[in-house]
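Student: I am new to this structure and would like a close look at one part of it. Please start from the pockets and work outwards from there.

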Amino acid sequence: MPSAPNRESAFKLFPLPVFSILIAISLVLWWVPLTSSFALALGDDQYTHILLILPISGALIFLDWKSPEPFSGLAVRLGSVLLVIAASVTFYVRWRGVVLSSDERLSVNMLALVVWWIAAFLVCFGIGAFRRALFPLCFLFGMVPLPYFVLNPIVSLLQQGSAAAAHFLFAVARVPVEQDGLLVHIPGLTVEVARECSSIRSSSMLLVATMVLAQLLLRSPWRKAFVIAVAIPLSVVKNGFRIFVIAMLATRVDPSFLAGRLHHEGGIIFFLIALGMIFLLLWMVRRGESEKPIKANGVP
């Protein structure tokens, strides 16, 4: 059995081959959960964003990639602990008969897979590379499908928020309106914000896009957090605005708008409007960063 120094020398001399081996091991251990997650993303609008996470993370790591730094035994030790934890959790869930629903089991397995990938990166490329790639590595957690006991309350909040936003917009437009839970009543029409109308897909896409744009365009962690935080209520307002527009067109122009393409396929239009507002906010926040005085050696 090779000694610890020999193992560490292998990580130091051959980081990419060792990383490839660890990734290959992960594909063997987690192939079924990984393919199940992609199939879920292809078949369920609530999980479509999962398809974007891996290519975006890989691209961000590649864009900021630098030559390997001096070997760190600490990185190997920390990463090895995470590798053991990821494998142990998977083995325990699969063969210890833990009582979990299918969606919960998938979430746990995918969480273990992401931890394994992050640990493999840490072991092979060191602390410095890990710090530089912290955002894209943490972004990988977006591949973990939320179990239904977490997802359902989120969808419910989106429904309630969308109904409230639509109610507000009707009131601002001086349209007589009443709200009864998820039902919004205006003269000649009652709108129900059903689960399918929660806009969970476009909301998650907007959040993913905002996170990536904030990471690429801003330096300050606080400014990044602010822009991402704004994207959450904006996604609700976006859906309320969509309900408002379709209802107004249906009652003032033509009732066919209720079953037309704008209703069923027009989500992209309102998504782009919200994304445009995010770009505007990013421009304003980034301008504030560029206008800050640059200090050299503590002197403005």
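Student: By class, how many nonpolar, polar and charged residues are in the lining of the largest pocket?

Tutor: One point comes before the answer: this is a predicted model. Now the lining of the largest pocket. By class it has 11 nonpolar, eight polar and eight charged residues.

Next, its size and its walls. The volume of the largest pocket is about 750 Å³. It is lined by 27 residues, and those closest to its centre are Glu-196, Cys-197, Ser-199, Arg-242 and His-263. Several elements each supply at least two lining residues: strand S3 (189–192), H8, helix H9 (221–252), helix H10 (261–265) and helix H11 (267–290). H9 provides the largest share of this lining, with five residues.

Now set the second largest pocket beside it. Its volume is about 520 Å³. Here 24 residues form the lining, and the closest to the centre are His-49, Leu-146, Ile-154, Ser-204 and Leu-207. Helix H7 (148–172), H8 and H9 are the elements that give two or more residues to this lining. The largest share, seven residues, comes from H8. By class, the second largest pocket has 18 nonpolar and six polar lining residues. It has no charged ones, whereas the largest pocket has eight. H8 and H9 appear in both lists: each gives at least two residues to the lining of the largest pocket, and each gives two or more to that of the second.

Thr-48 deserves a stop here. It sits in the loop between H2 and H3. Is Thr-48 buried or exposed? It counts as buried because its relative accessibility is 15%, and the cut-off for buried is under 20%. Leaving out residues up to four places away in sequence, Thr-48 touches Ala-41, Arg-201 and Met-205.

From open pockets, turn to closed space. Rolling a probe the size of a water molecule over the atoms shows where empty space is left. The structure holds one cavity of 30 Å³ or more. The volume of the largest cavity is about 40 Å³. Its lining consists of Ile-61, Asp-64, Trp-65, Phe-121, Ala-129, Arg-132 and Ala-133. Five of these count as nonpolar, none as polar and two as charged. Helix H5 (residues 102–132) supplies the largest share of this lining, three residues.

Phe-121 leads from the cavity to the core. It is one of the residues that line the cavity. Together with Trp-116, it has the most contacts inside the largest nonpolar core, which has 36 residues. Helix H2 (15–43), helix H3 (50–63), helix H4 (73–95), H5, helix H6 (134–139) and helix H8 (200–217) each give two or more residues to this core. H5 gives the most, with 16 residues. Set aside neighbours within four places in sequence, and Phe-121 is in contact with Phe-19, Ile-61, Trp-65, Gly-126, Ala-129, Phe-130, Ala-133 and Leu-137. Another core lies apart from this one. It has 16 residues, among them Ala-163, Phe-170, Leu-189 and Phe-244.

Two cysteines make a useful contrast. Cys-124 counts as buried, because its relative accessibility is 7%. Cys-138 is partly exposed, because its relative accessible area is 41%. What about bonds between cysteines? A disulfide is a covalent bond between the sulfur atoms of two cysteines. With sulfur atoms required to be within 2.5 Å, the count here is zero disulfides.

One more residue to find is Val-89. It lies in helix H4. It is partly exposed, because its relative accessible area is 33%. Val-89 and Ala-112 are 23 residues apart in sequence, and their C-alpha atoms are 6.9 Å apart in space.

Finally, step back to the whole chain. The protein has 11 helices and three strands. Read along the sequence, the pattern is α-α-α-α-α-α-α-β-β-β-α-α-α-α. Of its 300 residues, 41% count as buried. Take the contacts between residues at least 6 apart in sequence: 72% of them join residues at least 24 apart.

Note on methods. Residues numbered from 1 in each chain as written. Predicted model: local features only at pLDDT ≥ 70, side-chain atom pairs only at ≥ 80, totals over all residues. Heavy atoms only, no water. 1 Å grid on protein atoms, 1.4 Å probe; cavity = no way out; pocket = protein on both sides within 12 Å on 5 of 7 lines; lining within 4 Å. Points joined across faces, edges and corners; volume = space filled by probe spheres on them. Helix = DSSP H or I, 4+ residues; strand = E, 2+ residues; numbered from the N terminus. Nonpolar A, V, L, I, M, F, W, Y, C, P; charged D, E, K, R; others polar. Core = buried A, V, L, I, M, F, W, Y, C linked by side-chain atoms within 4.5 Å. Buried < 20%, exposed > 50% of the residue type's maximum accessible area, 1.4 Å probe, protein only. Contact = heavy atoms within 4.5 Å.
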